[in-house]
Amino acid sequence: MLKKTEGIVINSMRYRDTSLIVKIFTRELGLKSYIINGVRKAGAKSKAALYQPMTILDLVVYQKENSGLQRISESKLAHPYALIPYEFPRTSIALFLAEAVAKSIYENYHNEQLFDWLKNSLLCLDRNTQEIKHFPLVFLLEMARFIGFGPETPYELLDESRSLPFDAQELSQAIEYLECLMKDSYSCQLKVKKELRGKLLDFLLVFYGEQLDSNQVWKSIAIIRNVMAQ
């Protein structure tokens with residue numbers, strides 16, 4: 001059966017000589033794995049470029065029940081990016097977001113509200129008016145709500161975590177910062193020291209590990225720390 005859907009590429013891996021296996025979070029069908037044959041042949045670079053992490057696609061896919069790997073009939077860019085592929089900080093953040101999503105949802109996970117929010121977050125990241133230093137923090141805080149463990153206030157977040165890396169002075173600053181991030185979302189303009197941003201990022205990553213019962217290493221963490229320290 002053929003289905004039309006929007007999808008956001010999460011990651012891809014090489015398969016044999018010329019193919020890819022791509023995880024795509026689709027709006028109508030949830031997180032699915034697709035095999036794409038021949039996409040890495042000579043002369044097929046433009047097709048392979050469609051499956052970079054966090055690319056938003058319009059898709060026509062084959063949907064077979066009880067089948068692990070699915071196939072794609074048609075794919076095209078739904079929203080060509082103006083900045084994300086060309087500005088290293090934004091590219092790095094997009095890769096971090098892809099890793100965060102990959103660690104947080106599972107095969108066949110279906111959540112249209114999460115999809116719509118993720119799509120809007122990516123379009124926001126692609127705007128040249130967007131302040132990006134706070135972006136990964138807002139993303140982690142808001143995604144946690146969609147997948148079921150997001151606190152409503154800074155105090156709930158701090159109470160739910162088993163680790164608390166802030167000293168007494170930093171704690172009050174962290175609470176003020178979290179309040180701004182939760183209230184103003186990606187529009188937060190609060191000026192904070194890069195050390196506090198870094199500590200809060202590490203705190204949220206530990207929090208995710210606790211909630212997801214996972215000790216996986218974050219591959220993009222070194223790069224994202226540098227981006228947030230600018």
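This passage describes helix α3 and the salt bridges found in the predicted model. In this predicted model, local features require pLDDT of at least 70 and side-chain atom pairs count only at pLDDT 80 or more, while totals for chains, interfaces and linings use all residues. Residues are numbered from 1 along each chain as its sequence is written, and side-chain values use heavy atoms, with hydrogens and water left out.

Helix α3 (helices being DSSP runs of H or I with at least four residues, and strands runs of E with at least two, numbered from the N terminus) spans residues 112–125. Its 14 residues reach 20 Å from the first C-alpha to the last, close to the 20 Å expected at 1.5 Å a residue, where the expected span is 1.5 Å times one less than the number of residues. Among the buried residues of α3 (buried being under 20% relative accessible area, exposed over 50% and partly exposed in between, with a 1.4 Å probe and protein chains only) are F115, W117 and L122. The buried residues of this helix pack (contact meaning heavy atoms within 4.5 Å) against β1, β2, β4, α2 and α4.

Ten salt bridges are found in the whole structure, each a side-chain nitrogen of Lys or Arg within 4 Å of a carboxyl oxygen of Asp or Glu. One of them joins R27 and D116 at 2.8 Å, N to O; R27 lies in the loop between β2 and β3 and D116 in helix α3, so the pair ties together parts that are 89 residues apart in sequence. D116 is partly exposed, with a relative accessible area of 27%, and R27, at 22%, is likewise partly exposed. Another salt bridge, between E87 and R90, has an N to O distance of 2.8 Å.
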